[in-house]
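Subject: Handing over the structure

Hi,

Here's the structure I promised to pass on. Have a look first, and my notes follow underneath.

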Amino acid sequence: MSETLTKQQPILDNDNPEIRKFEKVNTMIHEDSNSASFYVANEIAELIRRRQKEGKMAVLGLATGSTPTKVYDYLVKFHQEDGLSFKNVATFNLDEYYPMQPDSIHSYVRFMNEHLFDHLDIDKKNIHIPDGTLKKEDIRAFCDAYEQKIADLGGIDIQVLGIGRTGHIGFNEPGSSISSKTRLVRLDRVTKLDAASDFFGEENVPQRAITMGVGTIMSATRIILMAWGEGKSRIIKEAVEGEIRESVPATFLQEHPNCDYIIDEAAGSLLTRIETPWLVGEVNWNDRLIKKATIWLSEKLEKAILKLTNEDYNEYGMGNLIAEIGSAEQINLKVFNQLQATITGWPGGKPNADDSNRPERANPYPKTSLIFSPHPDDDVISMGGTLLRLVDQGHDVHVAYQTSGNIAVFDDEVIRFLDFATEVDKDDKLNSKMKAVREFINNKKPGEVDSPEIQEYKGLIRKGEALAACRYCGVPEKNAHFQNLPFYETGAVKKKPHSEEDIQLTVDLLNKVQPHQIFAAGDLSDPHGTHRVCLQIIFLALERLQEQGAKWLKDCYVWLYRGAWQEWDIADMEMAVPIGPKDMKRKINAIFKHQSQKDSAMFPGNDKREFWQRAQQRNTETAFKYNALGLAEYEAMEGFVQYHFKK
């Protein structure tokens, strides 16, 4: 095999009965989605080989979407590098939008061909996917035949599932019956909202879909449900620890005799064994866990940290902590001082001051600060208050805009800017471009990739907005670096994997700026994945520079910010920068400079509010939480976690 066996092992002991105390379905947590995907792909491969020895077909139920793509990558790798044959494999896909042409970029037929089937030796007649081209009157007969084909092959051996934000499996929306079979369904509003980015607008998402039923899924011999990322953590907790109910179809899986949830750490972050392990059983206390537990207890009882008592700790499963430390007062003071030390109005370090209890060094001063912004507005949305503070305090602030953000610009914005340009300059060449743009946009189909020229224009619109925000914040235009990383430049929501070119561009920029501070987006719940890839590129670039012995790196701190999609947990924050009312208004004004994202963003995710509203709410909420714990009251706060280099 191409991976070591240890890579595929779950990171926690799922056989421990204490761990499973609150969990109603077997749940295996892996370090990341890559190792989890390998684990699933390896199990599928073992089934196929076993069936080959038995002279039987292996019947797989397959899912689409971003969740299983790495599993499919591994299966292709096993076929191409290890000789795994798929000639004895039959597949049945969970669902398909209706109506839907098979060659559409939104079709699950096309998705499966591109990600899996075109790269295998599978017999095409053994591939089964719901038909989105049927006449409505033919759908019922098709669904009955679909069920019969599964039965004729002896049923599905392994059914692979993802999970929707509403808890849907396949397109079995809330309200689906446990006995439901393959059928035509109407999509839930939340499901359509989550699919809106792929279709470039909610109005373009099909209203219906053909899906296997819950009963069809439950009849599989083995079920594997996968989930990655913090965005799935809430519904995973509900599906694993909640009561069985039709409003969350995934809870039906609790009744299946051979079902595993295979998830990464982020998706499992709200499970009781991870979020509050002291409620599960005895824990080995360390500073981070003590801090996390004390903050949790304070919030649970709505009491300031310094008011917590021995009885409070004992009542909520932390009696052994009291026994170890000695008293509630000692614990309270320890955690209070830790939290107090995270608060600083000097994110670049306070010069000529004792920095022993401050998150940032006093020297050198001034510092060179490099802020990486995945999209052209993430810098001001997520850490605009800190950016302004760094500039105000005399630091040399640079901003690296990692991607062009061009797909998030509405077509009408391009016409508006070109209209202005043609009014300013009556050039025939410009008029000809304007005519071509209008013609392309007028004939553009939903989800169609823009022409290279329009992609360039949209990128220039966002570049101009970013420069306007820099000027407003006091960042010199020469300090704005537009990387336009190649992985992003597909013109579609789906991006390419990061490449050597992406890493080298980042290495070159870091060597050029040689910052004392790096700020990067750790906002990994970004539903479109760009933030995650951008952070991976930065980490890989830093590892390379470390290997190359870059001297400046030894005196560099790396801070991770959030805010566009979610915020750090208070227990994890290592630097919290207060924002006063005046600076909060300045931050919002900086966000307003990104006019193409104002009023209505192309990809709002599951939160329809404008980005400035989300940022304001998160920042004020962080300040409120600090205050509720017994610390000073601020208007708003931005939180950061420090990234520590591998030794």
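A bit of vocabulary before the strands: two strands pair if DSSP finds at least two bridges between them. Helices (H or I, at least four residues) and strands (E, at least two) are DSSP runs, numbered from the N terminus. Keep in mind that this is a predicted model, where local features need pLDDT of at least 70 and side-chain atom pairs count only at pLDDT 80 or more, while totals for chains, interfaces and linings use all residues. Residues are numbered from 1 along each chain as its sequence is written, and side-chain values use heavy atoms, with hydrogens and water left out.

Let's start with strand β10 (residues 259-264). Strand β1 (residues 26-30) runs parallel to β10, with five bridges joining them, and M28 sits opposite I262. Strand β9 (residues 222-227) also pairs with β10 in the parallel sense over five bridges; there, I224 faces D260.

How many residues of β10 are buried? Six of the six, so the strand is largely enclosed by the rest of the structure. (Buried means under 20% relative accessible area, exposed over 50%, partly exposed in between, with a 1.4 Å probe and protein chains only.) In a regular strand, side chains alternate between the two faces of the sheet. In β10, C259, Y261 and I263 cover one side and D260, I262 and D264 the other, and all are buried.

Next, S327. You'll find S327 in the loop between α11 (319-325) and α12 (328-342). S327 counts as buried because its relative accessibility is 14%. Apart from neighbours within four places in sequence, S327 is in contact (heavy atoms within 4.5 Å) with N310 and I322.

Finally, the cavities. A cavity is a set of points on a 1 Å grid over the protein atoms alone where a 1.4 Å probe fits but cannot get out, and lining residues have an atom within 4 Å of a point. Grid points are joined across faces, edges and corners, and a volume is the space filled by probe spheres set on the points. The structure holds two cavities of 30 Å³ or more, and the second largest has a volume of about 80 Å³. Its lining residues include D377, H594 and W612, and α19 (581-592) and α20 (611-628) each supply at least two residues of that lining.

Over to you!

Notes
On a 1 Å grid over the protein atoms alone, a cavity is a set of points where a 1.4 Å probe fits but cannot get out, and a pocket is an open set with protein on both sides within 12 Å along at least five of seven lines; lining residues have an atom within 4 Å of a point.
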